[in-house]
Amino acid sequence: MEKSLIKQELREMILAAGAERVGFATAEPVDAESFDKFTQWLAQGRHGGMKYLENYPDIRRDPRLLLDGAKSVISIAFNYYPPQLRDSSLPYISLYAYGQDYHDVIRKRLKGVCEEIERTWGAQTRICIDSAPILERYWAWRAGLGFQGINGTFILPGRGSYFFLCEIVTTLEIDPNTPIMGDCGGCGRCLRECPTKAILGNGRIDASRCLSYLTIECRDDWHVDSDIDTPLYGCDRCQLACHHNRRALPTPIEEFHASERMLSLDYDDIASMTEEEFRLTFRGSAIKRTKHSGLLRNLTKLRR
Ligand code: SF4
Ligand code: SF4
């Protein structure tokens, strides 16, 4: 089959699995400039306690090491913007965490696509959803999905940044897309809105100051200036400020919609939760990542 037809068929297959956008890139080493930017960020210690980002630099540099004979990286964006938001009087929970854990949801949806690729073209595949050392925003850019914003998020022109990015690395040869050469055009709203001044201004974030990192990934106690309103889990302020998100449309993926319980969870519900109740409430949710102790720690920081 012609490469352009393979591409067309694949795109339809992936969109039918619920994806919003899909793009294709040739599997080859990351360009030197982009990789140097990443290693400098690590060398400056901007990744806080996320030491796992230092692992497997050779694989992160070259996705062909993820799968023998890899020829292409398929970059895929899934919309998570929920149709119903929590009331602003409730402790803030990041929008991406309203529904079921995206790792499980997306893997399940892409499994059939990979089986189809293997059956139709006899090619090997590997799904990456935060589960492999790969520079996902770089590959989304290379695959023509959009560009990286000053706030470090990946922006799909016309649709914004409320998207999960994931990849399928495959031995199938697919015509690559052309990267989009867009940028933020000097807007700077996210820089002004970030309460902890964690945005470094070059598409990189100082994770050790970022409330998203502090409330989710950080395992220790953390402190910010006492006049800052802190969230319970994650932080979207730099995304909420971004004009690209004014046109965000609700996700059609029901697994990313909030349950009634998620929409109403308040301070007292969380303060009185036992460890067992935490486990039951957030089973299948990304929020379990911060653990019961982490959520209670975050709760003690809220200004009431
Ligand atoms: S997520 Fe919040 S703290 Fe982190 S960079 Fe964005 S606005 Fe700043
Ligand atoms: S708020 Fe402005 S500078 Fe920040 S990511 Fe959005 S467009 Fe770029």
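Ligand 1 in this predicted model is surrounded by Cys194, Pro195, Thr196, Ile199, Ile205, Cys210, Leu211, Cys235, Arg237 and Cys238. Sorted by class, this shell holds eight nonpolar residues, one polar residue and one charged residue. Cysteine recurs in the list, with Cys194, Cys210, Cys235 and Cys238 among the residues around ligand 1.

Ligand 2 has a shell of its own, made up of Ile150, Asn151, Ile155, Cys184, Cys187, Gly188, Arg189, Cys190, Cys242, His243 and His244. Six residues of this shell are nonpolar, four are polar and one is charged. Cysteines appear here too, including Cys184, Cys187, Cys190 and Cys242.

Where does ligand 2 sit with respect to the empty space in the protein? The space that ligand 2 takes up is the largest cavity. Rolling a probe the size of a water molecule over the atoms shows where empty space is left. The structure has one cavity of 30 Å³ or more, and the volume of the largest cavity is about 70 Å³. Its lining consists of Ile150, Asn151, Ile155, Cys184, Cys187, Gly188, Arg189, Cys190, Cys242 and His243. By class, the residues of that lining are six nonpolar, three polar and one charged. His244 belongs to the shell around ligand 2, but it is not part of the lining of the largest cavity.

Open space is a separate matter. The second largest pocket contains about 520 Å³ of space. It is lined by 22 residues, and those nearest its centre are Ser88, Leu90, Pro91, Tyr92 and Thr230. The lining of this pocket divides into twelve nonpolar, three polar and seven charged residues.

The next element to consider is strand S6, which covers residues 163-170. How many of its residues are buried? Eight of its eight residues are, so the strand is mostly covered, with burial taken as under 20% relative accessible area. The cover extends to both faces of S6. On one side, Phe163, Leu165, Glu167 and Val169 are buried, and on the other side Phe164, Cys166, Ile168 and Thr170 are buried as well. Glu167 and Thr170 are thus found on opposite sides of the strand.

Which strands pair with S6? Strand S2, residues 72-79, pairs with S6 in the antiparallel sense over eight bridges. In this pairing, Ser72 has Thr170 of S6 as its bridge partner. Strand S3, residues 125-128, is also antiparallel to S6, and the two pair over four bridges. Here the bridge partner of Cys128 in S6 is Glu167.

Two details of the backbone remain. Most residues other than glycine have a negative phi. Tyr56 is not a glycine, yet its phi is positive, at about 50°. Tyr56 lies in the loop between helix H2 (32-43) and helix H3 (57-61). Is Tyr56 buried or exposed? Tyr56 counts as exposed because its relative accessibility is 51%, and the cut-off for exposed is over 50%.

Lys291 is another residue other than glycine with a positive phi, in this case near 65°. Its place is in helix H12, which spans residues 291-301. With a relative accessibility of 48%, Lys291 counts as partly exposed.

Notes: Residues are numbered from 1 along each chain as its sequence is written. Chains are lettered from A and ligands numbered from 1 in the order in which they are written. This is a predicted model: local features need pLDDT of at least 70, side-chain atom pairs count only at pLDDT 80 or more; totals for chains, interfaces and linings use all residues. Side-chain values use heavy atoms; hydrogens and water are left out. A residue is near a molecule or strand if one of its heavy atoms lies within 4 Å of it. On a 1 Å grid over the protein atoms alone, a cavity is a set of points where a 1.4 Å probe fits but cannot get out, and a pocket is an open set with protein on both sides within 12 Å along at least five of seven lines; lining residues have an atom within 4 Å of a point. A molecule sits in a cavity or pocket if more than half of its atoms lie within 2 Å of its grid points. Ala, Val, Leu, Ile, Met, Phe, Trp, Tyr, Cys and Pro count as nonpolar, Asp, Glu, Lys and Arg as charged, and the others, Gly among them, as polar. Grid points are joined across faces, edges and corners, and a volume is the space filled by probe spheres set on the points. Buried means under 20% relative accessible area, exposed over 50%, partly exposed in between (1.4 Å probe, protein chains only). Two strands pair if DSSP finds at least two bridges between them.
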